[in-house]
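Hi everyone, thanks for making time for this one. I'd like to walk you through a structure, so please have it open on your screens.

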Amino acid sequence: MIVTPLTGRFGAEVTDIDLSGMLTSEDLVAIEDAFVEHSVLCFRDQELTLEQFEDFARQLGDFGETPFITPMADHPAVLRLLREADEQGPLFGSGWHSDWSFQDQPPSATLLYGVDIPPAGGDTAFISQALAYETLSPVMRGIVDGLNGVHSARRSYGPRGTFGRHDPARSMEIHGDESALRSICHPMVRTHPISGRRSLFVNEVYTIGIEGMSDDESRALLDMLFAHSRRIDLSCRVRWQRGTLTMWDNRVTQHYAIDDYAGHRREMWRITLAGERPQ
Ligand code: SIN
C-alpha cells in the first residue's frame with residue numbers, strides 16, 4: 001500500500017491496495033495507522049460491489065446509526081447519495097459539518113464510495129479541526145477548552161429545516177421530523193481516543209449554541225471559530241473518480257460537498273462507523 005499525502009498537513013491518497021476482499025491483519029493495521037496520521041484517506045481505483053463495500057467497512061468497525069434518510073433496500077447501513085443531472089434544491093452535505101454531531105455518540109468515521117462521478121466538480125472539501133484548534137491562540141484555546149457546544153439536527157431535518165419537508169423531486173428520500181428539534185451538548189474541544197490529539201468539535205450545520213451563553217455571545221464566538229476553521233491552509237480537497245473510496249475521521253475533521261456540477265449525475269454510497277461519546 002502506497003500512501004501519498006494530499007497536502008503538507010493532512011489527507012492522503014492510497015494506492016496499491018485492493019479493498020474488494022478480506023484484508024490481512026497487517027493491511028488493516030496499516031490502514032488504521034494511516035487513518036490516525038492523515039485523518040482523510042482517499043483510496044483510488046477500487047472496483048467494489050455494494051456487499052464488498054459493506055464488508056470493507058465491517059472490517060474497520062460497527063456500523064453507525066443513520067437517521068432521517070431512507071437507506072438502500074436490504075442494506076440498512078448504506079445510504080445512496082444521489083443527485084440527478086436535472087435536480088435542483090439544496091444538496092445533501094453542502095455545508096461545513098462533522099457527520100451527525102447531534103447524536104449522543106456521533107460516528108467515528110464515514111466511508112464514501114464514488115459510483116457515478118461528474119466529469120468535473122462534485123469534490124468534497126475537508127478541514128482539519130485538530131489544526132484549527134492548534135492554530136488558535138493559547139488564550140482562545142483556554143477559553144474554548146472548558147466550553148460545551150449545543151448540537152442539533154433542527155436546521156437540517158427539523159420541520160422547518162432545509163430538508164424538513166418531503167420533496168417528491170428529490171432523488172434521496174429525506175424525511176425530517178420533530179425528533180430533529182432535540183439538542184445535545186458535547187465538549188467544544190475533544191480528544192481523539194487513539195492519537196490523544198485535541199480538536200475543535202463545532203460545525204456550522206449542527207452546532208447551534210454554546211451551553212450557558214446567550215444567543216448573542218455564542219453566535220459571536222461560534223462565528224469567529226467557524227471563520228477560523230475555513231482557513232485554506234487547514235483544508236484539503238478530494239477530487240473524485242469512479243472507484244474512489246474516501247474515509248474521513250469525523251472526530252478531527254469537518255467536510256463540505258461542493259455544489260458545482262449542475263447538469264451531471266453524481267451517485268455515491270455512504271456508510272458511517274459507530275463512534276463514542278466525545279470527551
Ligand atoms: C456527506 O456530507 O456525507 C456527503 C459528502 C459528499 O457527498 O461529498
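Let's begin inside the largest cavity, which has 27 lining residues; Leu 81, Leu 91, Phe 92, Gly 93 and Met 172 are the ones nearest its centre. Before I go on, please keep in mind that this is a predicted model. Strand E4 (79–83), strand E14 (253–257) and strand E15 (266–273) are the elements that each give two or more residues to that lining. The volume of this cavity is about 270 Å³, and a search of the whole structure turns up 1 cavity of 30 Å³ or more. What classes of residue make up the lining of the largest cavity? There are 14 nonpolar, 6 polar and 7 charged residues.

Now the largest pocket. Its space comes to about 340 Å³. It is lined by 18 residues, and the closest to its centre are Glu 65, Phe 102, Gln 103, Asp 104 and Arg 182. By class, the lining of this pocket divides into 9 nonpolar, 6 polar and 3 charged residues.

Next, the nonpolar core. As background, nonpolar side chains in soluble globular proteins tend to be buried together. Here, the largest nonpolar core has 47 residues. The residues with the most contacts inside it are Ile 69, Phe 92, Val 144, Tyr 157, Met 188 and Leu 200. Several elements supply at least two residues each, among them strand E3 (40–43), helix H3 (129–134), helix H4 (138–145) and strand E12 (235–238). Which element gives the largest share of this core? That is H6, with 4 residues; helix H6 covers residues 215–229.

You have now heard Phe 92 twice: Phe 92 lies among the residues nearest the centre of the largest cavity, and Phe 92 is also one of the residues with the most contacts in the core. Phe 92 comes back a third time, in an aromatic cluster with Phe 68, Trp 100, Phe 102, Tyr 157, Phe 163 and Tyr 206. Two other names there should ring a bell: Phe 102 from the pocket and Tyr 157 from the core.

Staying with aromatics, the structure holds 13 aromatic pairs. Take Phe 126 and Trp 248: their ring centres are 5.3 Å apart and their planes are at 55°, so this pair is tilted. Phe 126 sits in strand E6 (residues 124–128) and Trp 248 in strand E13 (residues 245–249), so the pair ties together parts that are 122 residues apart in sequence. Are these two buried or exposed? Phe 126 is buried, at 0% relative accessible area, and Trp 248 counts as buried too, at 2%.

Rings also meet charges here. Arg 190 has its charged end over the ring of Phe 201, 4.6 Å from the ring centre. Arg 141 lies over the face of Tyr 133, at 5.9 Å from the ring centre.

Last, a couple of backbone oddities. Most residues other than glycine have a negative phi. Ser 39 is not a glycine, yet its phi is positive, about 70°. Ser 39 belongs to the loop between helix H1 (25–38) and E3, and counts as buried at 6% relative accessibility. Asp 74, also not a glycine, has a positive phi of about 65°. Asp 74 lies in the loop between helix H2 (50–60) and E4, but this residue is exposed, with a relative accessible area of 75%.

That's my tour; happy to go back to any part of it.

Methods
Residues numbered from 1 in each chain as written. Predicted model: local features only at pLDDT ≥ 70, side-chain atom pairs only at ≥ 80, totals over all residues. Heavy atoms only, no water. Phe/Tyr/Trp six-rings, centres within 6.5 Å; stacked < 30°, edge-to-face > 60°. Buried < 20%, exposed > 50% of the residue type's maximum accessible area, 1.4 Å probe, protein only. Lys NZ or Arg CZ within 6 Å of the ring centre and 35° of its normal. 1 Å grid on protein atoms, 1.4 Å probe; cavity = no way out; pocket = protein on both sides within 12 Å on 5 of 7 lines; lining within 4 Å. Points joined across faces, edges and corners; volume = space filled by probe spheres on them. Nonpolar A, V, L, I, M, F, W, Y, C, P; charged D, E, K, R; others polar. Core = buried A, V, L, I, M, F, W, Y, C linked by side-chain atoms within 4.5 Å.
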